[in-house]
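Here are some friendly notes to read with the structure open beside you. Take your time and turn the model around as you go.

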Amino acid sequence: MSWTYPHEYDVIVIGAGHGGCEAAHAAAKMGASTLLLTMNLDTIGQMSCNPSVGGIGKGHMVREIDALGGIMGKVIDGAGIQFRMLNTKKGPAVQAPRAQADKVVYRAKMKHRLEQTDNLDIKQGTCEELIIEDEVIKGLITKEGLIYRTKSLIITSGTFMRGLIHMGEVNLSGGRAGDPPSIGLSASLEKHGIVLGRLKTGTPVRINKRSIDLSLTEEQPGDKGVYFSYDEPEADRLPELPCYICHTTLETKEIIKKNLHRSPLYSGKIVGVGPRYCPSIEDKVVRFADKERHQVFLEPEGLTTNEFYVNGVSSSLPFDVQYAFIHSIPALKNAEIMRPGYAIEYDFVSSGQIHFSLESMKISGLYFAGQINGTTGYEEAASQGLIAGINAVLKVQGKQPLILKRNEAYIGVMIDDLITKGVDEPYRMFTSRAEHRLLLRQDNADLRLRRYGHDLGLISSSQYARLLEKENAIAHETERFSKTFKQYEGKNCSLTQLLARPEMNYQKLVELFGDSVTNYSADTNAQIELIVKYAGYISLQNSEVEKLAHIENIRVPQGTNFATIEGLRTEAKQRLTKACPTNLGQASRISGIAPSDISVLMIAFAKRLGAPEEACEVEFDNCGC
């Protein structure tokens with residue numbers, strides 16, 4: 001017997017992992033009546049795997065989340081126990097922030113922020129079945145017998161949908177160790193025509209710090225002045241702890257090789273595909289057979305626990321094998337294993353079933369975000385959750401969705417990749433995936449995206465005013481520097497010429513010419529310096545973006561039936577129909593689409609507008625597409 005809850009929501013979010021938290025917060029902050037439904041209120045924002053946020057590509061996305069009005073950056077700034085800026089010896093495009101987190105504090109701060117958010121209800125319950133009428137989402141039924149009605153629904157299920165944990169010959173049903181899986185949701189999606197596939201991820205052992213021989217490790221301290229949020233940093237930052245580095249040995253390698261037949265990865269028990277760029281230790285031993293050792297990072301999980309995360313040795317081997325190879329590492333010879341490592345298989349929505357807005361192509365008002373779309377990682381999930389939350393509200397409001405371009409954000413790169421290229425293994429973000437990465441630096445995410453956040457109601461007027469002040473200072477100073485000349489080392493040079501020198505930085509310029517150089521905030525100073533030093537490269541990338549802009553601006557007319565377009569190859573018709581691109585730029589990036597196919601589409605769309613073929617691009621530009 002079911003009972004209908006006496007309130008219809010604008011948005012319901014299923015799952016309170018990193019994607020669900022961002023989705024629910026964004027929807028509620030935009031004024032939508034929102035429900036966040038989770039299987040366990042005590043695990044909101046749980047870090048199921050590594051106790052960290054950020055990294056190469058991932059750190060860029062966290063800053064983009066913050067620029068748009070999301071909360072991950074603010075939470076990690078208040079829960080971090082070590083902060084680092086990676087790749088500081090390389091160019092600014094690939095530098096990225098990363099932080100170790102106190103997992104308990106992170107979870108508590110995330111839950112507290114959500115509980116303080118207006119328009120947001122948070123309830124414990126397990127979704128068993130979706131209510132769908134005429135291919136439109138209407139609500140859900142929980143395992144506990146409650147019916148919740150809604151105008152839109154976002155699924156951020158993580159690894160819980162038919163989750164199956166593997167540890168050697170042992171198989172356990174679970175969404176993660178200690179938590180039950182979600183069974184009914186998968187069946188409900190399949191009943192309504194959603195095609196599901198299987199993916200796999202894994203996690204390593206956790207060990208007791210007291211049992212580590214730290215004298216045999218290399219200490220890795222943090223960096224000062226690193227943060228994720230563009231807004232006021234939290235004053236009560238936690239004390240910082242170091243991480244440590246050690247290595248596996250030839251003995252480790254031999255133990256794993258002798259027991260590969262006991263790994264579910266190689267015995268055939270695991271059918272899901274694992275992440276290429278975060279392989280298990282058994283994967284590493286097989287794929288990099290010539291390597292004698294692998295790096296291992298020992299990372300604290302919090303200030304009030306001795307648990308250490310052994311990063312780099314994720315494994316689904318039996319516990320006795322894990323015990324043996326962990327103890328073959330000199331620094332871990334006497335390590336006390338507190339939790340074993342394991343692999344987990346779970347359902348995801350196979351490629352080709354969602355729009356660029358993250359809405360289902362089949363069921364109106366149903367959105368997917370996070371690992372259910374084939375990604376791996378907290379940051380990828382949070383980014384999708386934010387976009388899904390925004391677009392679910394825009395849908396309810398009858399407005400056009402927010403679709404970020406590849407030259408605007410790493411979030412745009414990721415979603416474009418998921419739709420146009422599809423997923424055959426868990427997707428992880430790297431800076432190498434972005435063709436315009438010098439424009440998408442972690443330091444300028446606010447300049448790129450904060451306007452969108454303000455227009456959506458996610459960024460306050462005071463936050464936006466600070467952005468405008470920063471923009472004005474940058475524009476004014478970069479212009480003035482080119483016209484202000486000073487004597488330096490016997491030469492008359494402009495401030496631009498001086499700042500462009502490799503040995504010069506903004507702070508040194510302030511010290512030398514304080515009467516002519518204003519000392520702004522560290523952020524603003526850094527932006528002026530980067531714009532001056534990399535002016536040529538930035539100009540080149542902007543030119544490349546402009547050259548490609550015409551094709552991104554040619555929209556695919558709504559209701560286009562690719563199967564009826566003459567001259568289009570059969571393969572192209574099939575791939576375009578599956579991906580459903582909204583513009584020709586997206587169409588051009590779909591695997592299997594040739595330049596000749598794009599030419600055919602341009603001609604076809606020009607004829608539909610009644611324009612001469614040679615005027616196709618001009619006509620589309622003029623009509624505001």
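The points below go from the whole chain to one helix.

1. Please keep in mind that this is a predicted model. The values that follow are computed from that model.

2. Start with the building blocks: the protein chain holds 21 helices and 22 strands. Its radius of gyration is 26 Å, close to the 25 Å that the globule rule gives for 625 residues, so the chain is as compact as a globular protein of that length. If you want a feel for its extent, the C-alpha trace spans about 70 × 65 × 50 Å along its principal axes.

3. Next, look at inside and outside. Of the 625 residues in the protein chain, 56% count as buried. The accessible surface comes to about 26100 Å², and carbon and sulfur atoms account for 50% of that surface.

4. How do parts of the sequence meet in space? Among contacts in the protein chain with a separation of 6 or more, 72% are between residues 24 or more positions apart.

5. Now the charges: the protein chain carries 71 positive and 75 negative side chains. The centres of these two sets lie 3 Å apart.

6. Finally, zoom in on helix α6, which runs over residues 250–258. Which residues of α6 are buried? They are T252, K253, I255 and I256. Viewed down the axis of α6, its buried residues fall within an arc of 165 degrees, so they line one face of the helix. The cover over these buried residues includes α8 (281–287) and α9 (319–327).

Technical notes
Residues numbered from 1 in each chain as written. Predicted model: local features only at pLDDT ≥ 70, side-chain atom pairs only at ≥ 80, totals over all residues. Heavy atoms only, no water. Helix = DSSP H or I, 4+ residues; strand = E, 2+ residues; numbered from the N terminus. Rg over C-alpha atoms; globule rule 2.2 N^0.38 Å. Buried < 20%, exposed > 50% of the residue type's maximum accessible area, 1.4 Å probe, protein only. Contact = heavy atoms within 4.5 Å. Areas by Shrake-Rupley, 256 points an atom, 1.4 Å probe, with all protein chains shown as cover. Lys, Arg positive; Asp, Glu negative; His and termini not counted. Charge placed at Lys NZ, Arg CZ, Asp CG, Glu CD. Arc of directions from axis to C-beta.
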